[in-house]
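Student: Please give me a close look at the side-chain contacts of a single part of this model, with the charged and aromatic groups in view. I would like one connected account that then places that part among other contacts of its kind.

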Amino acid sequence: MVKRTVSADLIRKVIRRRPIITNTLCRFFRHPWWKEADTFLNIEGAGSGGRPILFRASSAELVKAFRHTDQPHGTITSSDAFSLGLVRSMTDFEVYAGRGGMNGLDVSFYFNRDKYHTMDDNIANLGNRAPFWTILKLTRDVGSHLTNTEHHEEKQRPVYWDVLGRFMVVFGMDGLVWLLPCTLVATVVVTLGMGSYVWYMGEQPSPSRQWIHFPLCLTFSILCSSFFVTILCKINPLIIYSSPYPVIMAIMAVIITSLLFPLHIIANKHGDDPSRIKTILSTQYFLFTGVLVLGYIQMLKRLGFGGFYFLEILHVGAALAIILDLGDRSWSAYCSSTIIRSQSEEPDESTQPLLEIHSNPIRGSESDRESVNTPRPRNLWLLEFLISVIPLSVLVLQLALIVSAALGQTIADGSSPVIVYAGLTVLIFFSIVPMVPFAHLISRKVFFTVAFFFIALSAYNLVAFPFSDHKRVKFFYTQNLDLDTGANHVQLLGVQPALRNALERIPSTKQVEANLTWSTDPVRGLGEAKWTSLSPRMSSKEAPYAWDDLVVSSAKRIDADVAIFTLRGKKTKSCVMRFDQNVIEVHVRRAGSDRDYTSIPIHDDNDMEVVPGSDYFMPPKGVPLVQLFSREWDTTFEVKVRWNTTAVDSEKQSLWQTFFARREKWPRQTGRIGCQWHENIEGRLPALDELFEHLPNWATLTVKRPLLTADRAFLV
């Protein structure tokens, strides 16, 4: 019997603070319901409003269940973006699927990422309630299908994409690996056969100079678009944060003017037959797509990235276009070789054929050969355009809009602008390159209009301010209080030069004692500002020693490897312990309790819990960080830890050795111990209030760490 599905997100308490969310989810793995659930639907809020997208899925079967909603929206490209680390954030999907071992779907908003985890992340900024009702309806539709359908054990990685939000195409990765080479071989064989027939019927080989035009123009377009993107990344890389559409149109314009316009000029300069030019360009375009598919097959086998699925559609469209073109030429060649034979061996004047036609045009006259190459009506060209250009352009431009909305604002989180702009340029390039066979048919007025728009859009993208009241840049806030010295520092992370410009308006940074320092965050690459700011108001006392009651802690050494710590924070539920030497065992209980010590979730350097299945375990090298959470305020934690030392255990020593040599043989252990605060209630954090009051309208604050951490050093 297949397990019934329980929506884990609907039974857990929704909490905004990420560390507490992680602990809450891991506690669910010990709940009896977890044993009854094998599938989950994770609803995230990585943006604010818009249509929810399917970020990731565990199997193709689950994506097929996702199709049962009215407006399915998603693409495998988003899953590849997470795998490549292009999106520097995590969702609860990683906890459920990675550590919980469950299969599921990861659905989220992705528009307006600038409002995510800020004061603007609320119902009012959704624009209307349509996104809210859409996500509820999606949850009902997909959840109903999951709970009423048996699941198979087969877990094949999916390849999926939606078509304008109307329906979704889904198949397994194995299907894509099988489909690509089969389609490539079939189209090449058919094209070679039809091309050989046209050549046999009298097609003259094209001059070699005509075959070099497309590669040259293609190289020139790649260089021009790369140069434009490089200039944009150097001068104003954040413009896509608030103005993605001008960026997309500018990139489209530079590709059109550098790829299609040169082909148009060259083709019309030599005055060749338009149908012959189109056949040459269609053949080269078909060969180009074949090389791309061949390379994608190798990448798919090695890396397993399905995000370039549109290359198959690109190649199929090119193949259909060249097959139609060669079919038209074959029919024209066949009609020109129709033999009108006389009924007698010696025809008289009345039965003499009007046109002498040879059975093999290759051996015929020059006029016979030219009859194959005569211009043909353009109604078939329209059909070729509709087949090869329209479907792919719609699909890829839709994907480009998703990339610009989902990744455009991640630059402020530390993502590389080069990767964002390069990915966007590649998608736009593939949406325009199918128009290559028809470049010589486009009016020059169109190219002049595109060039004018390119100049105007480039000027805007290079000089416009990238932020506004509606698209605010996010700075990451945290505050640290040293309980030993009373030193109080505020730290802001943000993209430069926006962070530097914003801090010029903050009064506390201009004080002499502020000691404002600048550095670069080694993880995200963002600018980091640190200065002495306003102290927290957790106590009515203002003397430095007043912070002693904010965090009450003690440490007691048991033997060479073990120590017991007690820790309590004022008006908080969260505490933290950092060790200079990793601990290999951690046990915790409420101080004063008669219960035995129990293991707690262990965190690594990235504050991620290590939970394989349902049991916690310690990494072989131990951990340097332990975070403590309680459901109640002002809880006193009692934590017992063990280090991996080489000292002699006191139990193995004699009483005389224990009395005199104990302190010398036990190595000293150091670190920091303190508590954390995640809320700003009743003006507890004046430094945070000051930033909200004086920051410019185009900037706002968010958090990745606790708002306040107050700790002290320990030596035991």
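Tutor: A charge sits over a ring if NZ of Lys or CZ of Arg is within 6 Å of the ring centre and within 35 degrees of the ring normal. The model discussed here is predicted. The part to examine is Arg56, whose charged end sits over the ring of Phe82 at 4.0 Å from the ring centre, a distance that falls within the 6 Å limit.

Arg56 also has an acidic partner: it forms a salt bridge with Asp106, and the closest N and O atoms of this pair are 3.0 Å apart. Because Arg56 belongs to strand S2 (residues 53-57) and Asp106 to strand S3 (residues 103-108), the pair ties together parts that are 50 residues apart in sequence. The surroundings of the two side chains can be stated as well. Arg56 has a relative accessibility of 9% and therefore counts as buried, while Asp106 is buried with a relative accessible area of 0%. Arg56 thus has a charged partner in Asp106 and an aromatic one in Phe82.

A second arginine offers a parallel to the ring contact: Arg500 lies over the face of Trp518, at 4.2 Å from the ring centre.

The salt bridge of Arg56 belongs to a count of 16 salt bridges. Another setting for such a pair is found within a helix. Asp141 forms a salt bridge with Lys137, with the closest N and O atoms 3.1 Å apart. These two residues lie in helix H7 (residues 130-147) and are four residues apart, about one turn of the helix. Asp141 has a further partner in Arg140, again a salt bridge, for which the closest N and O atoms are 3.1 Å apart. With Asp70, these residues make up a network of salt bridges that links Asp70, Lys137, Arg140 and Asp141. Burial varies among its members: Asp141, at 14% relative accessibility, counts as buried, Lys137 is partly exposed at 31%, and Arg140, at 53%, counts as exposed.

The aromatic side chains can be considered next. The structure holds 25 aromatic pairs. One of them joins Tyr309 and Phe310, with ring centres 6.0 Å apart and an angle of 80° between the planes, an edge-to-face arrangement. Tyr309 and Phe310 are buried. For Phe452 and Phe453, the ring centres are 5.9 Å apart and the planes stand at 75°, so this pair is edge-to-face as well. Here, however, Phe452 is exposed, with a relative accessible area of 54%, and Phe453 is partly exposed at 47%. Tyr309 and Phe310 also take part in one aromatic cluster, whose members include Trp161, Phe171 and Tyr296; Phe308, Phe429 and Phe430 are among its members too.

To return to the part requested, Arg56 is a buried residue that forms a salt bridge with Asp106 and places its charged end over the ring of Phe82.

Methods: Residues numbered from 1 in each chain as written. Predicted model: local features only at pLDDT ≥ 70, side-chain atom pairs only at ≥ 80, totals over all residues. Heavy atoms only, no water. Salt bridge = Lys/Arg side-chain N within 4 Å of Asp/Glu carboxyl O. Buried < 20%, exposed > 50% of the residue type's maximum accessible area, 1.4 Å probe, protein only. Phe/Tyr/Trp six-rings, centres within 6.5 Å; stacked < 30°, edge-to-face > 60°.
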